[in-house]
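Please open the structure in your viewer and keep the sequence panel beside it, because the stops below are given as selections to make one after another.

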Amino acid sequence: MSYPATQNAANHYSQVDTYTGVTGADSHRLVLMLLNGALSNIAIAKGSIERGDVPAKGEAIGQAVSIVNGLRGSLDLKLGGELAENLDRLYEYMERRLLEATLQNSVQILEEVSSLLHEIKEGWAGIPVEVRADPERAARTEKATTSTL
């Protein structure tokens, strides 16, 4: 099998794997998938900068910006309270930094955004299962906790 044929098969497998993962995923799993997608695109962009592949860099950063924008758009600022507001500002910052990375060809900026996304991913992955099942309960618990402080 030639390299282009192998690459095409790998891309097709990846699309099928992603589709299968999305169709059976709950909202918690979908957010993790989006975070992984953004991280993957940032890694591709870093490699593209190092190789001098401007079109690939632009496409990968564009995909990462789209994903971060989608994560930001999915926030429920009323239900999520202060946490959602902080994430909104952080996502906005990351979008801006990704655009700066494009203009400056900066691997360092991409590493900064990647680090921030990793922190969010770790926090998201650490959410207890019972809270994942009832996000409104989590919001009530957070309000009760902050009002007693």
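The tour below goes from the whole chain to one helix, then to the nonpolar core, and then to the charged side chains.

**Before you start**

What you have open is a predicted model, in which local features need pLDDT of at least 70 and side-chain atom pairs count only at pLDDT 80 or more, while totals for chains, interfaces and linings use all residues. Residues are numbered from 1 along each chain as its sequence is written, and side-chain values use heavy atoms, with hydrogens and water left out.

**Stop 1: the whole chain**

Select the protein chain and show it as a cartoon: it has 7 helices and 0 strands, and along the sequence it follows the pattern α-α-α-α-α-α-α. Helices (H or I, at least four residues) and strands (E, at least two) are DSSP runs, numbered from the N terminus. Now switch to a surface, whose accessible area comes to about 9,500 Å², with 56% of it belonging to carbon and sulfur atoms; such areas come from the Shrake-Rupley method with a 1.4 Å probe, and for residues only the protein chains shown count as cover. Of the 149 residues in the chain, 28% are buried, where buried means under 20% relative accessible area, exposed over 50%, and partly exposed in between (1.4 Å probe, protein chains only). Among contacts between residues at least 6 apart in sequence, 58% join residues at least 24 apart, a contact being heavy atoms within 4.5 Å.

**Stop 2: helix H2 and Asn41**

Select residues 27–51, which form helix H2: its 25 residues reach 36 Å from the first C-alpha to the last, close to the 36 Å expected at 1.5 Å a residue, the expected span being 1.5 Å times one less than the number of residues. Just after H2, Gly52 takes a positive phi of about 75°.

Within this helix, select Asn41. Is the residue buried or exposed? Asn41 is buried, with a relative accessible area of 15%, and its side chain reaches the backbone oxygen of Gly37 at 2.9 Å. If you leave aside neighbours within four places in sequence, Asn41 is in contact with Ala60, Gln63, Ala64 and Ile67.

**Stop 3: the largest nonpolar core and Leu117**

Next, show side chains for Ile42, Ile61, Tyr91, Met94, Leu98, Leu110 and Leu117, which touch the most other members of the largest nonpolar core, a group of 26 residues. Here a nonpolar core is a set of buried Ala, Val, Leu, Ile, Met, Phe, Trp, Tyr and Cys residues joined through side-chain atoms within 4.5 Å. At least two residues of this core come from each of H2, helix H3 (54–73), helix H4 (77–104) and helix H5 (107–125).

Centre the view on Leu117, found in helix H5 and buried, with a relative accessible area of 0%. Not counting residues up to four places away in sequence, Leu117 touches Leu35, Ala38, Leu39, Ile42, Val68 and Met94. A distance label from its C-alpha atom to that of Tyr91, 26 residues apart along the chain, should read 9.1 Å.

**Stop 4: the salt bridges**

Side chains of opposite charge can pair when their charged atoms come close. The structure holds 5 salt bridges, a salt bridge being a side-chain nitrogen of Lys or Arg within 4 Å of a carboxyl oxygen of Asp or Glu.

Select Arg72 and Glu92, whose side chains meet in a salt bridge (3.9 Å, N to O). Arg72 lies in helix H3 and Glu92 in helix H4, so the pair ties together parts that are 20 residues apart in sequence. Both partners are partly exposed, Arg72 with a relative accessible area of 23% and Glu92 with 35%.

Add Glu95 to the selection, since its side chain also meets that of Arg72 in a salt bridge (3.6 Å, N to O). Glu95 lies in helix H4, so this pair joins parts 23 residues apart in sequence, and Glu95 is buried, with a relative accessible area of 10%.

Finally, move to Arg97 and Glu100, whose side chains meet in a salt bridge (2.5 Å, N to O). Both lie in helix H4, 3 residues apart, about one turn of the helix; Arg97 is buried at 18% relative accessibility, whereas Glu100 counts as partly exposed at 25%. To close, select Arg72, Asp88, Glu92 and Glu95 together, which salt bridges that share partners join into one network.

Notes
A polar contact is a pair of N or O atoms within 3.5 Å; within protein, one must be able to donate a hydrogen and the other to accept it, and residues adjacent in sequence count only if both atoms are side-chain atoms.
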